[in-house]
Amino acid sequence: MSDPDRQRTEEVRFDLRDIDQVALCGPADENLRRLERRFDGTVSARGEFLRIVGPPDQIPLIRDVIADLLERVRRGQRIDGVTVDYLLAGRSTEGPAAEILADAPEPLLHASGSRRPILVRTVGQKRYADAVRDNDVVFSIGPAGTGKTYLAVVMAMDYLKRNLVDRIVLVRPAVEAGEQLGFLPGDLQEKINPYLRPLYDALSDIIGPARIGKYMESGIIEATPLAYMRGRTLNNAFVILDEAQNTTVGQMKMFLTRLGIQAKAVITGDVTQIDLAVDEKSGLVHVREILTGTEGVAFVDLDSRDTQRHPLVRRIVDAFADAERTTVETRSAVRDVGGDTEGG
């Protein structure tokens with residue numbers, strides 16, 4: 001016997017007369033298709049109306065997300081898949097961690113050439129940007145794809161354009177799966193280029209590849225391995241230390257004590273991807289233990305909800321995190337059993 005409730009559907013309509021439908025729906029209505037993948041019904045835009053039809057118990061989620069999207073379009077935002085996925089995840093998860101941006105954010109910067117506004121996309125990213133404005137040293141810790149490096153470069157360019165700093169210094173430890181600079185071919189610049197590529201990619205997106213060379217030739221932007229920071233004092237500079245999980249405790253202390261007058265530092269890293277020797281403690285882990293609560297220093301944690309890459313990346317990050325938690329719990333249980341045995 002069929003269930004009458006399962007057969008029943010509900011319809012909700014939205015007026016699109018004041019809406020840029022391309023900005024809302026995306027190319028080939030891709031944003032609407034994303035909504036339908038989370039919904040046992042249909043979402044369609046025809047003429048002056050957007051229509052959702054589906055099970056009554058699922059309508060509220062899609063209705064609320066669409067209402068939020070419409071308000072963002074009215075404020076000038078072009079909707080993309082990341083925004084749709086984030087709003088769906090935020091509204092379908094209970095608790096404060098699912099908080100979404102209530103208002104369309106102000107642009108952090110306009111990318112050169114395209115004049116594309118660069119915006120924070122998530123609550124975590126907004127906390128990150130606010131922390132950089134309010135503190136001289138900010139640690140941004142989170143998994144791949146959460147915008148740690150990209151937003152640091154965006155904020156650095158904003159400070160440079162507003163003449164709040166005279167230069168940008170990009171720093172990275174030269175540690176990747178045990179390799180060291182001396183084993184790589186070429187001169188210093190050729191050796192460090194592979195390590196600094198993520199920073200260059202962010203700069204290229206923001207100011208264009210042609211201008212990177214000009215900035216670097218004039219010294220306005222400098223890229224250097226962490227080992228070459230010893231003995232320097234950085235005044236009037238915005239300094240970014242990327243992949244900081246691969247710094248030793250001594251290297252982190254050395255880096256943080258380079259800061260001079262009118263300097264700001266952003267340190268980014270992912271403590272789940274440490275490439276140091278097993279017996280070497282990460283400087284990023286250490287500073288959290290000793291600097292939390294220090295005035296002028298902020299720690300911002302990002303997680304899979306802040307992921308801005310392919311939607312699958314979020315699921316991959318969560319899967320790895322779940323596997324690591326299971327491994328830790330298993331090892332703990334084995335140790336407890338061993339302890340009980342010995343005690344008996």
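User: What makes β6 and β10 count as paired strands?

Analyst: Five bridges join β6 (residues 137-141) to β10 (residues 264-269). The model is predicted. Pairing takes at least two bridges. Five satisfies that, so β6 and β10 are paired. The two strands run parallel.

User: Which residues of β10 are the bridge partners of Val 138 and Phe 139?

Analyst: Val 138 has Val 266 as its partner. For Phe 139 the partner is Ile 267.

User: How do you know that β9 pairs with β10 too?

Analyst: Apply the cut-off of at least two bridges again. Four bridges link β9 and β10, so they pair. They also run parallel. Ile 240 stands opposite Val 266 in β10.

User: Why is β10 called largely enclosed?

Analyst: Buried means under 20% relative accessible area. Six of the six residues of β10 are buried, so the rest of the structure largely encloses the strand. Both faces are covered. One side has Lys 264, Val 266 and Thr 268. The other has Ala 265, Ile 267 and Gly 269. Side chains in a regular strand alternate between the two sheet faces.

User: Why are β8 and β11 called edge strands?

Analyst: The open sheet has six strands, ordered β8-β7-β9-β10-β6-β11, with parallel pairing. β8 (221-225) and β11 (297-301) each pair on one side only, and they are the edge strands. From one strand to the next, the twist averages 15°.

User: What lies across this sheet, and at what angles?

Analyst: Helix α6 (residues 123-134) lies across β6, β9 (237-241), β10 and β11. α6 runs at about 170° to β11. Helix α7 (residues 148-161) lies across β6, β7 (167-172), β8, β9 and β10. α7 runs at about 175° to β9. Angles are taken between N-to-C directions on a scale from 0 to 180 degrees, so α7 points nearly opposite to β9.

User: What makes a group of residues the largest nonpolar core here, and which members touch the most others?

Analyst: A nonpolar core is a set of buried nonpolar residues joined through side-chain atoms within 4.5 Å. The largest such set has 35 residues. Tyr 128, Met 157 and Phe 238 touch the most other members. The elements giving two or more residues are α6, α7, β7, α8 (188-207), α9 (209-218), β8, β9 and β11. α7 gives the most, with nine residues.

User: Which residues does Tyr 128 touch?

Analyst: Residues up to four places away in sequence are not counted. Among those touched are Val 138, Ser 140, Leu 151, Val 266, Thr 268 and Val 300. A second, separate core has 25 residues, including Leu 24, Val 43, Ile 62 and Leu 88.

User: How do you know that the contact of α10 with α11 has no charged residues?

Analyst: Val 249, Met 252 and Leu 256 in α10 meet Gly 283, Leu 284, His 286, Val 287 and Leu 291 in α11. Gly counts as polar, and the charged class is Asp, Glu, Lys and Arg. By class, the contact has six nonpolar, two polar and no charged residues. The axes of α10 (residues 249-256) and α11 (residues 283-291) come within 8 Å and cross at roughly 65°. That crossing is right-handed.

User: What makes the phi of Asp 29 and of Asn 163 notable?

Analyst: Most residues other than glycine have a negative phi. Asp 29 has a positive phi of about 55°. Asn 163 has a positive phi of about 60°. Neither Asp 29 nor Asn 163 is a glycine. Asp 29 lies in the loop between α2 (21-25) and α3 (30-36). Asn 163 is in the loop between α7 and β7.

User: Why is Asn 163 called exposed, but Asp 29 partly exposed?

Analyst: Exposed means over 50% relative accessible area, buried under 20%, and partly exposed is in between. Asn 163 is at 66%, so it is exposed. Asp 29 is at 24%, so it is partly exposed.

User: Why is Ala 144 called partly exposed, and where is it?

Analyst: Its relative accessibility is 27%, so Ala 144 falls between the 20% and 50% cut-offs. Ala 144 sits in the loop between β6 and α7. Its C-alpha atom is separated by 9.8 Å from that of Thr 272, 128 residues apart along the chain.

How values were computed:
Residues numbered from 1 in each chain as written. Predicted model: local features only at pLDDT ≥ 70, side-chain atom pairs only at ≥ 80, totals over all residues. Heavy atoms only, no water. Left-handed = near helix turned anticlockwise from the far one by under 90°. Contact = heavy atoms within 4.5 Å. Buried < 20%, exposed > 50% of the residue type's maximum accessible area, 1.4 Å probe, protein only.
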